[in-house]
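Here's a quick walk through one protein chain, written for someone who likes to check contacts and angles directly. Have the viewer open and follow along.

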Amino acid sequence: MDKDTIKRATQLFKALGDQTRLSIVTLLLTKEWRVSDLQNALGMEQSAVSHQLKTLKIARLVKSRRKGKSVYYSLDDQHVIDLLHGVYNHLTED
């Protein structure tokens, strides 16, 4: 990997290296979530959840879409899903 790719990979792993952000992406493995739903599931303030989602969005781990007044968040693409499944498989293998 070149230096730029290593830098971007480091930023991605930093984004996933936070327990709250990893909890959010784990929830997003199941379906799209609104901020208010994530807030309730995590027991956090809306502003804190929004801040974490912004970090995840900058790292290209999540994306958002607007439907009416609601904004729904989901994982950015299949690569993110594969990465999370790979981590889970690594941690649970004998």
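## Starting at the first helix

Helix α1 runs over residues 3–16, and its 14 residues reach 20 Å from the first C-alpha to the last, close to the 20 Å expected at 1.5 Å a residue. Bear in mind throughout that this is a predicted model.

The N-terminal end of α1 has a cap: D2 places a side-chain oxygen 3.1 Å from the backbone nitrogen of D4. D4 also has a partner further along, since its side chain forms a salt bridge with R8, with the closest N and O atoms 3.6 Å apart. Why might these two pair up? D4 and R8 sit 4 residues apart in helix α1, so about one helical turn separates them. As background, an α-helix has 3.6 residues a turn, so residues three or four places apart point the same way. In terms of solvent, D4 is partly exposed at 44% relative accessibility, and R8 is partly exposed too, at 48%.

## Salt bridges

How many salt bridges does the model hold? The count comes to 3. Here they are, with the closest N-to-O distances and the relative accessibility of each partner.

| Pair | N to O distance | Accessibility, acid | Accessibility, base |
|---|---|---|---|
| D4 and R8 | 3.6 Å | D4, 44% | R8, 48% |
| E32 and R65 | 2.8 Å | E32, 30% | R65, 37% |
| D37 and R34 | 3.1 Å | D37, 27% | R34, 29% |

The R65 and E32 side chains meet at 2.8 Å, N to O. This pair links distant parts of the chain: R65 belongs to strand β2 (residues 62–67), while E32 is in the loop between α2 (19–28) and β1 (33–34), 33 residues apart. R65 counts as partly exposed, and E32 does as well.

The remaining row joins D37 to R34, with the closest N and O atoms 3.1 Å apart. D37 is partly exposed, and the label for R34 is likewise partly exposed.

## Where α3 meets α4

Next up is a helix pair. The axes of α3 (residues 35–42) and α4 (residues 46–58) come within 9 Å and cross at roughly 110°. That makes α3 roughly perpendicular to α4. If you want to pick out the residues involved, select V35, L38 and Q39 on the α3 side, which meet Q46, V49, S50 and L53 on the α4 side.

Another α4 residue worth clicking on is Q52. Is Q52 buried or exposed? With a relative accessible area of 12%, Q52 is buried, because the cut-off for that label is under 20%. Leaving aside neighbours within four places in sequence, Q52 is in contact with D18, T20, R21 and I24.

## W33 and L27

W33 sits in strand β1 and is buried, with a relative accessible area of 12%. What does W33 touch, not counting residues up to four places away in sequence? The list is L27, L28, L38, A41, V71, Y72 and Y73. One of these, V71, is 38 residues from W33 along the chain, yet their C-alpha atoms are separated by 8.4 Å.

L27, in helix α2, shows up from the other direction too. Outside its sequence neighbours up to four places away, L27 touches W33, L38, A41 and L42. There is a polar link as well: the backbone oxygen of L27 lies 2.9 Å from a polar atom of the W33 side chain. L27 is partly exposed, with a relative accessible area of 23%, whereas W33 is buried. For a sense of scale, the C-alpha atoms of L27 and T92, 65 residues apart along the chain, are separated by 18 Å.

## A backbone angle to check

Last stop is R60, which is found in the loop between α4 and β2. Which sign does phi of R60 take, positive or negative? The angle is near 65°, a positive value in a residue other than glycine. R60 counts as exposed, at 56% relative accessibility.

Note on methods: Residues are numbered from 1 along each chain as its sequence is written. This is a predicted model: local features need pLDDT of at least 70, side-chain atom pairs count only at pLDDT 80 or more; totals for chains, interfaces and linings use all residues. Side-chain values use heavy atoms; hydrogens and water are left out. The expected span of a helix is 1.5 Å times one less than its number of residues. A polar contact is a pair of N or O atoms within 3.5 Å; within protein, one must be able to donate a hydrogen and the other to accept it, and residues adjacent in sequence count only if both atoms are side-chain atoms. A salt bridge is a side-chain nitrogen of Lys or Arg within 4 Å of a carboxyl oxygen of Asp or Glu. Buried means under 20% relative accessible area, exposed over 50%, partly exposed in between (1.4 Å probe, protein chains only). Axes are lines fitted to C-alpha atoms, for helices over the stretch in contact, and angles run from 0 to 180 degrees between N-to-C directions. Angles under 35 degrees count as roughly parallel, over 145 as roughly antiparallel, 65 to 115 as roughly perpendicular and the rest as oblique. Contact means heavy atoms within 4.5 Å.
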